[in-house]
Amino acid sequence: MIRVLLVDDDDLVRAGLVMILDATDDIKVVGEAGSGSEAIETVGRLSPDVVLMDIRMPNTDGIEATRRIVSTEGAPKVIIVTTFEADDYVFESLRAGASGFLLKRTPPRDLIAGIRSVASGDALLAPSVTRRLIERFALQPDPGAATDERLELLTDREKETLVLVARGLNNAELAEAMYVSESTAKTHLRRILMKLSLRDRVAAVIFAYESGVLRSAHDDA
């Protein structure tokens with residue numbers, strides 16, 4: 001059973017999410033919070049597996065709440081669920097430690113699938129979010145960005161995998177692009193996360209943009 005905490009200052013939004021999630025067999029809403037500060041306290045008390053986090057809330061906003069929640073030992077995964085698609089919200093949320101970012105207009109079945117995916121250790125980005133990341137960092141690279149020395153820890157094959165992950169490919173698409181099995185693609189990704197001490201796929205995407213590996217691949221292309 002996946003234990004979920006809902007964080008949103010809109011009572012109606014929370015009620016709707018409860019109805020959707022409690023109708024599943026493997027997801028249970030264990031608590032609700034109406035602000036970021038309340039979310040931080042409730043996480044410590046209920047120890048959920050996944051937190052669905054709004055951004056704009058009173059007291060402590062969702063981005064700061066996410067940053068503080070994921071910094072704790074045994075922290076739950078956080079999925080940002082918001083009506084806002086502005087770049088700054090996306091990037092700040094992911095850098096704060098969120099494992100996913102979805103819009104509130106996401107169909108219920110995709111929300112449920114996203115919770116299951118994040119709970120199993122994967123990461124989740126709406127396709128529009130991935131496109132915006134690529135446009136901002138890959139297609140408009142910062143020529144002054146420094147190359148991260150940790151790239152030297154990766155083999156050429158792992159660097160190739162990292163580039164493809166940063167471009168938004170899922171595991172099945174990785175396997176097809178690299179002409180390997182899906183299990184082999186997953187193994188490459190696990191090794192990347194271990195070598196770079198990254199928490200999940202989202203962290204790997206951000207690292208790829210900020211380390212220079214994606215910029216180098218774009219220049220080579």
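This passage walks through a predicted model of one protein chain, from its overall make-up to a few individual residues. Residues are numbered from 1 along each chain as its sequence is written, and side-chain values use heavy atoms, with hydrogens and water left out. Since the model is predicted, local features need pLDDT of at least 70 and side-chain atom pairs count only at pLDDT 80 or more, while totals for chains, interfaces and linings use all residues.

To begin with the whole chain, its secondary structure comes to eleven helices and six strands. These are DSSP runs numbered from the N terminus, with helices being H or I of at least four residues and strands being E of at least two. Of the 221 residues, 48% count as buried; buried means under 20% relative accessible area, exposed means over 50%, and partly exposed covers what is in between (1.4 Å probe, protein chains only). About 10,900 Å² of the chain is exposed, and carbon and sulfur atoms supply 49% of that; these areas come from the Shrake-Rupley method with a 1.4 Å probe, and for residues only the protein chains shown count as cover. Taking the contacts with a separation of 6 or more, 67% come from residues 24 or more positions apart, where contact means heavy atoms within 4.5 Å.

Next come the nonpolar cores. A nonpolar core here is a set of buried Ala, Val, Leu, Ile, Met, Phe, Trp, Tyr and Cys residues joined through side-chain atoms within 4.5 Å. The largest one has 25 residues, and Val-7, Val-51, Met-53, Ile-80 and Phe-101 are those with the most contacts inside it. At least two residues each are supplied by strand 1 (2-7), helix 2 (36-46), strand 3 (50-53), helix 3, strand 4 (77-82), helix 4 (87-96), strand 5 (100-103) and helix 10. Helix 4 gives the most, with five residues. There is also a second, separate core of 24 residues, and Val-163, Leu-164, Leu-174 and Val-205 are among its members. In soluble globular proteins, nonpolar side chains tend to be buried together.

Strand 1 is mostly covered, with five of its six residues buried. Strand 1 runs parallel to strand 2 (residues 27-33), and six bridges join the two; strands pair if DSSP finds at least two bridges between them. One of the residues involved is Arg-3, whose bridge partner in strand 2 is Lys-28.

Helix 3 (residues 62-70) has Gly-62, Ile-63, Ala-65, Thr-66 and Ile-69 as buried residues. They sit on the same side of helix 3 because they cover an arc of only 160 degrees around the axis, the arc being that of the directions from the helix axis to the C-beta atoms. At the start of helix 3, a side-chain oxygen of Asp-61 comes to within 3.2 Å of the backbone nitrogen of Ile-63. This falls under polar contacts, meaning pairs of N or O atoms within 3.5 Å; within protein, one atom must be able to donate a hydrogen and the other to accept it, and residues adjacent in sequence count only if both atoms are side-chain atoms.

The loop between strand 3 and helix 3 holds Asp-54 and Thr-60. Asp-54 is buried, at a relative accessible area of 6%, and Thr-60 is buried too, at 13%. Leaving aside neighbours within four places in sequence, Thr-60 is in contact with Ser-35, Gly-36, Ser-37, Ala-65 and Arg-68. On the same basis, the contacts of Asp-54 include Val-7, Gly-62 and Thr-82. Thr-82 itself lies in strand 4 and is buried, with a relative accessible area of 0%. Its C-alpha atom is separated by 9.7 Å from that of Gly-62, 20 residues apart along the chain.

Helix 8 (residues 171-178) buries Asn-171, Leu-174, Ala-175 and Met-178. Their arc around the axis is only 95 degrees, which puts them on the same side of helix 8. Helix 7 (156-166), helix 9 and helix 10 are among what covers them. At the start of helix 8, a side-chain oxygen of Asn-170 reaches to within 3.2 Å of the backbone nitrogen of Ala-172, and just after helix 8, Tyr-179 takes a positive phi of about 60 degrees.

Finally, Ser-197 is in the loop between helix 9 (182-196) and helix 10 (201-211). Ser-197 is exposed, with a relative accessible area of 66%.
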